[in-house]
Amino acid sequence: MPTEIRVAHPGLRSAMCRHFTGRAPGLDPSIYFHDSRNMKSNDALACLNALSQEHRLNLFRLLVQAGEDGMAVGELAAASGLPGATLTNHLHILRRAGMVSDERQGRVIQCRANYRQMNALLGFLTENCCAGTDDTGCCTTAVACKPTRKPR
């Protein structure tokens, strides 16, 4: 039989959690994430921070241009002219922000731009565009980018 436990968190509204014997207690996500805009802001800041360096921005743009197939790390090194250790560091920062993913294919590491994260960032930045004006033509929301395949 479930028992109800009243949980109070400083600064947040209290919520009811149900605890089932032998199972992990159920959690109310609103206790921890009552303002979802903060999470979006933090994600946007991480993405913008990752893209705020010239080499990382260029690497991300190369991956966007490469399409859904992405580019091998060796191809990125040749296209960017960056030394291996520097390239690895920049890719790691982009990966931590969710802007880039990679996959090992045999001896090759294939990197890809995360289009979903890129579109989410563009949507976040243009979400309230021109909200204080009556002019509906002052700006348009970003169109979602879909990756294309390279011709083979």
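**Group meeting: the H3–H5 contact and the salt bridges**

The structure holds zero disulfides. Please keep in mind throughout that this is a predicted model. Two cysteines deserve a word at this point. Cys-47 is buried, with a relative accessible area of 2%, and Cys-111 is likewise buried, at 1%.

Let me now turn to the overall architecture. The protein comprises six helices and five strands. Read from the N terminus, the order of elements is β-β-α-α-α-β-α-α-β-β-α. Of its 152 residues, 24% count as buried. As for contacts along the chain, among those between residues at least 6 apart in sequence, 47% join residues at least 24 apart.

I should like to spend most of my time on one pair of helices. Helix H3 covers residues 54-66 and helix H5 covers residues 84-96. Their axes come within 10 Å and cross at roughly 75 degrees. How are H3 and H5 oriented to each other? An angle from 65 to 115 degrees counts as roughly perpendicular, and H3 and H5 are therefore roughly perpendicular to each other.

Which residues make this contact? From H3 the contributors are His-55, Arg-56, Leu-59 and Phe-60. From H5 they are Leu-87, His-90, Leu-91, Ile-93 and Leu-94. By character, the residues of the contact divide into six nonpolar, two polar and one charged.

Two of these residues merit a separate look, beginning with Leu-59. This residue is found in helix H3. Is Leu-59 buried or exposed? Its relative accessibility is 0%, so Leu-59 counts as buried. Setting aside neighbours within four places in sequence, Leu-59 is in contact with Leu-76, Ser-80, Leu-82, Leu-87, His-90, Leu-91 and Leu-94. One distance may be added here: the C-alpha atoms of Leu-59 and Ala-77 are separated by 9.3 Å, the two residues being 18 apart along the chain.

The second residue is His-90, which is placed in helix H5. At 7% relative accessibility, His-90 also counts as buried. What does His-90 contact, leaving aside neighbours within four places in sequence? The partners are Gln-53, His-55, Arg-56, Leu-59 and Leu-82. Leu-82 thus appears in the contact list of Leu-59 and in that of His-90.

I close with the charged side chains. In general, side chains of opposite charge can pair when their charged atoms come close. How many salt bridges does a search of the whole structure find? It finds two salt bridges.

One of them joins Arg-95 and Asp-102, with the closest N and O atoms 2.7 Å apart. Arg-95 is partly exposed, at 30% relative accessibility, and Asp-102 is partly exposed as well, with a relative accessible area of 34%. Another salt bridge is formed where the side chains of Glu-103 and Arg-112 meet, at 3.2 Å from N to O. Glu-103 counts as partly exposed too, its relative accessibility being 41%.

To summarise, the points I would leave with you are the roughly perpendicular arrangement of H3 and H5, the burial of Leu-59 and of His-90 in that pair of helices, and the two salt bridges found in the whole structure.

Terms used
Residues are numbered from 1 along each chain as its sequence is written. This is a predicted model: local features need pLDDT of at least 70, side-chain atom pairs count only at pLDDT 80 or more; totals for chains, interfaces and linings use all residues. Side-chain values use heavy atoms; hydrogens and water are left out. A disulfide is a pair of cysteine sulfur atoms within 2.5 Å. Buried means under 20% relative accessible area, exposed over 50%, partly exposed in between (1.4 Å probe, protein chains only). Axes are lines fitted to C-alpha atoms, for helices over the stretch in contact, and angles run from 0 to 180 degrees between N-to-C directions. Helices (H or I, at least four residues) and strands (E, at least two) are DSSP runs, numbered from the N terminus. Angles under 35 degrees count as roughly parallel, over 145 as roughly antiparallel, 65 to 115 as roughly perpendicular and the rest as oblique. Contact means heavy atoms within 4.5 Å. Ala, Val, Leu, Ile, Met, Phe, Trp, Tyr, Cys and Pro count as nonpolar, Asp, Glu, Lys and Arg as charged, and the others, Gly among them, as polar. A salt bridge is a side-chain nitrogen of Lys or Arg within 4 Å of a carboxyl oxygen of Asp or Glu.
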